[in-house]
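This report goes through one protein model, from a single loop residue to the whole chain. The sequence and the coordinates come next.

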Amino acid sequence: MDEVNKQELSERDICTKYITPAIKKSGWDIHTQMREEVYLTAGRVLVHGQKATRGERKRADYVLYYKQNIPVAVVEAKDNKHTVGDGMQQALSYAQMLDVPFAFSSNGDAFLQHDKTGLYDAVEREISLNDFPSPSELWEYYCRWKGITDENSKIVTQDYYSFLGKEPRYYQTIAINRTIEAIAKGQDRILLVMATGTGKTYTAFQIIWRLWKSRTKKRILFLADRNILVDQTKKNDFKPFGSAMTKVKDRQVDKSYEIYLSLYQAVTGSEEEKNIYKQFSPDFFDLVIVDECHRGSADENSAWRDILEYFSSATQIGLTATPKETENISNIHYFGEPIYTYSLKQGIDDGFLAPYRVIRIDIDKDLQGWRPEKDKVDRYGRVIEDRIYNQKDYDRSIVLDKRTQLVAREVTEFLQSTDPFSKTIVFCENIDHAERMRKELVNANPELARDSKYIMRITGDEKEGKAEIDNFAMPESKYPVIATTSKLLGTGVDIQTCKLIVLDKRIQSMTEFKQIIGRGTRIQEEYDKLYFTIMDFKKATELFADPDFDGDAEEVYVGPGVKALAPQILGNKVKPYMVDDVDAKVVAVRKQYYGPDGKLITESLTDYTKRTVLDEFSSLDSFLKYWSEADKKQAIMEELIEKGLLLEDLAEEVGKEYDPFDLICHVVYDQPPLSRRERANKLKGSGYFAKYGDKARAVLDALLQKYSDEGLENLESLDVLKVEPLSKYGTPIEIINMFGGKSNYLEAIRAMESQLYMAEA
């Protein structure tokens, strides 16, 4: 075929006529060692309002395997209008994804080979169609690159278990192969980090199967900390082990099995004689795998750690979505650095995990706090302690019934506007809160709740609810629809069709947050589950901004909020005050989106701010007049906050360096803002303080610095005189006397404020 005709062929024709025959000719079996058009990803889910579509899937033209699921090379094809190497960049990208050392590009004329092993003479070399490397050649170089020897190659080449219609995803293959290779080379402590919903248990099964079948590891212990996790594992992914497998139960040990699944509580106890794992000899197990190992195995004081140390001669593998690193608990210290990590963000990008949108709803009593009037009693006649209660107290030391009703109503309205039968988990502060929330959701859904299983409390202390976990988890099961819980559904339980996660629980731990979010990340296209929604009533989703969180929100709604007041914690044994006559209301809801660069594009908060301020001050002049005439500028801010304007959120988006005056002038009236530091420097340079004595001038300089660093509220409170750097000038009384008394001091502060805003006012 002449060159002109060759250039008229499609890419697929080039593959069929030139590339496939060349690879086959070099000894690659087209049925077991060569796969064409291999889809590596599922295509990211793109959310548009209530609809979702798939993005483009990544597809390798060829993946070459030494054995099934042991890839060694990627080949990228181009039509003959391209050069030989035009597909190399793409091939390298796929080679990196698949963790293989060889990438090839071809246009049907020749191959360009890229070698990551460093064992060939050149990193890249062009080879003819007749010189494509054989399977044995690439495998030899692969083994030398990986440090695999003839002695341990039997382990590395052990077959996977073949599930009908269930091939491992590319990242699962990497996790499995890296683990097997590490064990083959003698590594005995291994950590695998894989996001919730990415198949950790399936991955563990394939690792165990290959080690067990090769007789490298003959007796294996699989530990988990939730009974349902052990049962799910035994019934599903581990089913092929059949009669070789047992679950440790009734605190009995039968040493005739090879695969043991156990709840760690089933083999440990507070008293030495109850540690039944010691009925096994320390060298009984060759392999110990700890599922969800962030939950205790890395804690030197945990029962899991005792088990691991007892069986210290065994190879030990930790599995987690959220490796825990604290002062007292460290997965990495015990297991070593992760041998492989597949993050939530990567899972969403690949389309294997569901993206999410967030609705953050702020409630007035959460933001502003609530203080009971004098001698106010609760529902049961107990006098309520006189202090300010806030978000940290609600549903712990005090219960505002109408707040619970409000949350139930918001959840109900959302479900009614989308799908009342969307599987929903409501995370509550504790078991009692979960029961109150169940009751209010029933009252908010009288028709649907006629079926008693539409809404259920599923907590550790309640057998009726726990009995429904399997039904709640099964996609084909209609009921329960809504589950209220505190911790039981927060980790491990696979709720594939969960479409709504409600957070009415303060979450301070990134590990707990990731585990809870993981309840919604599974995709079930058959049941129209491509994304999920997080409805956040307690600012938990602020953790999305934490650098430790690795998955960006697809779509975010954020209600404005202010920082909660300092907590005042009551003892756990004190029954909470029950208050049923205090109203609660939603302050506002604001919508945010992530832009193409991953940053938020803000719209509605500025619109909301404009509307709120313009309701009071229709023009810039009217606002400036009111500002300049006010004895205390903070009073203006408090008035606007009462009307729902939340300046801290606005400052987060517009700029923390601006005080409320500049935020309002800029956002509402389109005035160029000045930072606090710019205003302070401008006043310092004006010579205004020259009329004061040295001591008073030093105090005003310190106050101005305090304003520059922290904001306007510091200027108008006498309490500022009690803290550094003001306190170094004397007691508050001594400082005030420097100005000739309190009235003169306050007048000096008002005059300084006027100077700060003199140009505008």
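Asn 107 sits in the loop that joins strand E6 (102–106) to strand E7 (110–115). The model is a predicted one. Is Asn 107 buried or exposed? Its relative accessibility is 2%, under the 20% limit, so Asn 107 counts as buried. A polar atom of the Asn 107 side chain lies 2.7 Å from the backbone oxygen of His 82. Leaving aside residues up to four places away in sequence, Asn 107 touches Ile 14, Lys 78, Asp 79, Asn 80, His 82, Thr 83 and Val 84.

Cys 428 is a second loop residue, placed between strand E19 (423–427) and helix H15 (431–444). Cys 428 counts as buried because its relative accessibility is 0%. Which residues does Cys 428 touch, beyond those up to four places away in sequence? They are His 433, Ala 434, Met 437, Thr 484, Thr 485, Ser 486, Asp 504 and Lys 505. For Thr 485, the C-alpha to C-alpha distance to Cys 428 is 5.9 Å, while the two residues are 57 positions apart in sequence.

The two loop residues are set out below.

| Residue | Loop between | Relative accessibility |
|---|---|---|
| Asn 107 | E6 (102–106) and E7 (110–115) | 2% |
| Cys 428 | E19 (423–427) and H15 (431–444) | 0% |

Strand E19 appears again around helix H18. Helix H18 covers residues 510–517, and 7 of its 8 residues are buried. The buried ones are Met 510, Thr 511, Phe 513, Lys 514, Gln 515, Ile 516 and Ile 517. Their cover includes E19, strand E22 (498–503) and strand E23 (532–536).

Phe 513 of this helix also belongs to a nonpolar core. The largest such core has 128 residues, and Ile 23, Phe 111 and Phe 513 have the most contacts inside it. Helix H6 (residues 170–184) gives the most to this core, namely 9 residues. Apart from this core lies another one, of 46 residues, including Phe 617, Tyr 692, Ile 749 and Met 752. Not counting residues up to four places away in sequence, Phe 513 touches Leu 503, Ile 507, Ala 540, Thr 541, Leu 543, Phe 544 and Phe 549.

A sheet is described next. In general, the strands of a sheet pair through backbone hydrogen bonds, either parallel or antiparallel. Here 7 strands form an open sheet with parallel pairing, in the order E11-E12-E10-E13-E14-E9-E15. Why do strand E11 (245–247) and strand E15 (340–342) each have one side without a neighbour in the sheet? Both stand at the edges and each has a single partner strand, so one side of each is left free of a neighbour there. Neighbouring strands of the sheet are turned against each other by 15° on average, direction ignored. Within the sheet, strand E13 (residues 287–290) pairs with strand E14 (residues 315–320) in the parallel sense over 4 bridges. Val 290 stands opposite Gly 318 in E14.

Some totals describe the protein as a whole. There are 27 helices and 28 strands. Of the 761 residues, 55% count as buried. The accessible surface comes to about 33,900 Å², and carbon and sulfur atoms account for 46% of that area. Among contacts with a separation of 6 or more, 70% are between residues 24 or more positions apart.

Conventions. Residues are numbered from 1 along each chain as its sequence is written. This is a predicted model: local features need pLDDT of at least 70, side-chain atom pairs count only at pLDDT 80 or more; totals for chains, interfaces and linings use all residues. Side-chain values use heavy atoms; hydrogens and water are left out. Buried means under 20% relative accessible area, exposed over 50%, partly exposed in between (1.4 Å probe, protein chains only). Contact means heavy atoms within 4.5 Å. Accessible areas come from the Shrake-Rupley method with a 1.4 Å probe; for residues, only the protein chains shown count as cover. Two strands pair if DSSP finds at least two bridges between them. Axes are lines fitted to C-alpha atoms, for helices over the stretch in contact, and angles run from 0 to 180 degrees between N-to-C directions. A polar contact is a pair of N or O atoms within 3.5 Å; within protein, one must be able to donate a hydrogen and the other to accept it, and residues adjacent in sequence count only if both atoms are side-chain atoms. A nonpolar core is a set of buried Ala, Val, Leu, Ile, Met, Phe, Trp, Tyr and Cys residues joined through side-chain atoms within 4.5 Å.
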